[in-house]
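Biologist: I should like to learn how to read the features of a structural model. Could we take them in turn, with the general idea and then the case at hand?

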Amino acid sequence: MAKRWYVIHTYSGYENKVKDDLEHRIASYNLEDQVVDIKIPTETVTELKEGGKREVKESKVFPGYVLVKMQVDDNSWAVVRNTPGVTGFAGINGKPTPLTRDEYRKIMRRTKEAPAATSAHPKTNINFELGQPVRVTSGPLEAFDGIISEINPESGKLKVMLTIFGRETPVELGVDQVVSLV
């Protein structure tokens, strides 16, 4: 029987603990040949804080889920299922359903194990929303107020509609150049 990737549900925030506990249980039950890999998909995220400060951190792609590559039989299923923090397998009617290769590739494409080209440009979490009123805090348009009309998280830029000389003008600004008015 082939080893396939399965998704297990965990309590959110306990993914690392579940991974550690599962590794110990696999070793103590001598199941290393049946459960061969455990992954917690993460991605590098740059959060832009108040005042334009950037904070880079690892963020879980799917909080509350862990991927396990294993050969499912009654013994391996029971060891994984009864690990503290595991609430069950993803599947139909309680029966574990393996991921397809395409599903696995899509999940892993978002992780830190992705090719260098994608990890060189980490995703940016921007704490602004479309339609949000903002004030420009630096640059030649300092002290102008406007409304966010577009958000580009990859570049960390916002398109803000400013009223300049009585006319609405779209201006591209960095997230560090504006503050929220709400």
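**The open sheet and its neighbours**

Modeller: We begin with strand order. In this predicted model, 4 strands form an open sheet in the order β2-β5-β1-β6, with antiparallel pairing. At its edges stand β2 (35-39) and β6, each of which pairs on one side only. Neighbouring strands of this sheet are turned against each other by 30° on average, direction ignored.

Biologist: How many bridges join β1 to β6, and which residue stands opposite Phe89?

Modeller: There are 3 bridges between β1 and β6, and the two strands run antiparallel. Ile8 is the residue opposite Phe89 in β6. As a general idea, side chains in a regular strand alternate between the two faces of the sheet.

Biologist: Which strands does helix α1 lie across, and which does α3 lie across?

Modeller: Helix α1 (residues 15-28) lies across β1, β2, β5 (65-70) and β6, and it runs at about 165° to β2. Helix α3 lies across β1, β2 and β5, at about 130° to β5. For both, the angle is taken between N-to-C directions, on a scale from 0 to 180 degrees.

**Aromatic pairs**

Biologist: How many aromatic pairs does a search of the whole structure find?

Modeller: The search finds 4 aromatic pairs. One of them joins Trp5 and Tyr104: the ring centres are 4.7 Å apart and the planes lie at 15°, so this pair is stacked. The cut-off behind that step is that planes under 30 degrees apart count as stacked. The pair links distant parts of the chain, since Trp5 is in strand β1 (residues 4-10) and Tyr104 is in helix α3 (residues 101-109), 99 residues apart.

Biologist: Are Trp5 and Tyr104 buried or exposed?

Modeller: The reading depends on a threshold: buried means under 20% relative accessible area. Trp5 has a relative accessible area of 10% and is therefore buried. Tyr104, at 18% relative accessibility, also counts as buried. Another aromatic pair, Tyr6 and Phe89, is edge-to-face, with 6.3 Å from centre to centre and 90° between the planes. This pair too links distant parts of the chain: Tyr6 belongs to strand β1 and Phe89 to strand β6 (residues 86-89), 83 residues apart.

Biologist: What are the relative accessible areas of Tyr6 and Phe89, and which residues do ring pairs link into a cluster?

Modeller: Tyr6 is buried, its relative accessible area being 8%. Phe89 counts as buried at 8% relative accessibility. Ring pairs link Tyr6, Trp77 and Phe89 into a cluster.

**A buried strand residue**

Biologist: Where is Val45 found, and is Val45 buried or exposed?

Modeller: Val45 is found in strand β3 (residues 42-48). With a relative accessible area of 2%, Val45 is buried. A sequence separation can also be set beside a distance in space: Val45 and Lys57 are 12 residues apart in sequence, and their C-alpha atoms are 5.5 Å apart.

**Hairpin and loops**

Biologist: How many bridges join β10 to β11, and over how many do β11 and β12 pair?

Modeller: Strand β10 (residues 133-136) and strand β11 (residues 145-152) run antiparallel and are joined by 3 bridges. Within this pairing, Val134 has Gly146 in β11 as its bridge partner. Strand β11 then pairs with strand β12 (residues 157-164) over 6 bridges, in the antiparallel sense. There, Ile151 has Leu158 in β12 as its bridge partner. The hairpin of β11 and β12 has 4 residues between the strands, and Gly156 takes a positive phi near 70° in it.

Biologist: What is the phi of Asn30, and what is that of Ala143?

Modeller: Asn30 has a positive phi of about 55° although it is not a glycine. Asn30 lies in the loop between α1 and β2 and counts as exposed at 58% relative accessibility. Ala143, likewise not a glycine, has a positive phi of about 80°. Ala143 lies in the loop between β10 and β11 and is exposed, with a relative accessible area of 55%.

**The whole protein**

Biologist: How many helices and strands does the protein have, and what share of its residues count as buried?

Modeller: The secondary structure comprises 4 helices and 14 strands. Of the 182 residues, 36% count as buried. Among contacts with a separation of 6 or more, residues 24 or more positions apart account for 58%. The accessible surface is about 11,100 Å², and 50% of it belongs to carbon and sulfur atoms.

How values were computed: Residues are numbered from 1 along each chain as its sequence is written. Side-chain values use heavy atoms; hydrogens and water are left out. Buried means under 20% relative accessible area, exposed over 50%, partly exposed in between (1.4 Å probe, protein chains only). Rings of Phe, Tyr and Trp (its six-membered ring) pair if their centres lie within 6.5 Å; planes under 30 degrees apart count as stacked, over 60 as edge-to-face and the rest as tilted. Contact means heavy atoms within 4.5 Å. Accessible areas come from the Shrake-Rupley method with a 1.4 Å probe; for residues, only the protein chains shown count as cover. Two strands pair if DSSP finds at least two bridges between them.
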